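Biologist: Let's look at this one together. I'll ask, and you explain each step briefly.

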Amino acid sequence: MKGRLGTALIIVAFIVSIWAFASSAHAQTITLAYTNFFPAPHKNSVLADEWCKEVEKRTNGKVKLTYYPGATLTRLAQTYDSVEKGIADVG
C-alpha cells in the first residue's frame, strides 16, 4: 500500500507540474520584429502593416508584430542577413 501511495503522489506531482508549465507557456505572447525597406506611405508598407494587425487579431493578441518600415531597422541589402542573424524575425 505504501508503494502505491508514493507512486500516486509522484504521478499527481508530475501532472501538476505539466499543467503549471502548459499554463505559463500558454499565457505568453510572442513578439516578432518585421523589417521592410519600403517607406511607410508606400502601398507595400500599408499592406504589411495591415497584415501585422491581422495576425495579432487572428491570434487573439498571442502573436504581436512590431513593424519597421522605411529601412528603420535594416536596409534592403541587409534584410535577408538580419533575419538569418535574428535581428529581425520577418523581412
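Biologist: How much area does the protein chain expose, and what share of it do carbon and sulfur atoms supply?

Modeller: This is a predicted model, and the values are computed from it. The protein chain exposes about 7,000 Å². Carbon and sulfur atoms supply a share of that area, and the share is 64%.

Biologist: Which pattern does the protein chain follow along the sequence?

Modeller: Start with the elements. The protein chain has 3 helices and 2 strands. Read along the sequence, they give the pattern α-β-α-β-α.

Biologist: Are the ring planes of Tyr34 and Tyr67 stacked or edge-to-face?

Modeller: Two things describe a pair of aromatic rings: the distance of the centres and the angle of the planes. Ring centres must lie within 6.5 Å to pair, and planes over 60 degrees apart count as edge-to-face. By this rule there are 3 aromatic pairs. For Tyr34 and Tyr67 the centres are 5.1 Å apart and the planes stand at 80°, so the pair is edge-to-face.

Biologist: How many residues apart are Tyr34 and Tyr67?

Modeller: Tyr34 sits in strand 1, residues 30–35. Tyr67 sits in strand 2, residues 63–68. The pair links distant parts of the chain, with a separation of 33 residues.

Biologist: Is Tyr34 buried or exposed?

Modeller: The cut-off for buried is under 20% relative accessible area. Tyr34 has 14% relative accessibility, so Tyr34 counts as buried.

Biologist: Which residues form one aromatic cluster?

Modeller: Two members are the tyrosines we just paired, Tyr34 and Tyr67. A tryptophan joins them in the cluster. The full set is Tyr34, Tyr67 and Trp51.

Notes:
Residues are numbered from 1 along each chain as its sequence is written. This is a predicted model: local features need pLDDT of at least 70, side-chain atom pairs count only at pLDDT 80 or more; totals for chains, interfaces and linings use all residues. Side-chain values use heavy atoms; hydrogens and water are left out. Rings of Phe, Tyr and Trp (its six-membered ring) pair if their centres lie within 6.5 Å; planes under 30 degrees apart count as stacked, over 60 as edge-to-face and the rest as tilted. Helices (H or I, at least four residues) and strands (E, at least two) are DSSP runs, numbered from the N terminus. Buried means under 20% relative accessible area, exposed over 50%, partly exposed in between (1.4 Å probe, protein chains only). Accessible areas come from the Shrake-Rupley method with a 1.4 Å probe; for residues, only the protein chains shown count as cover.
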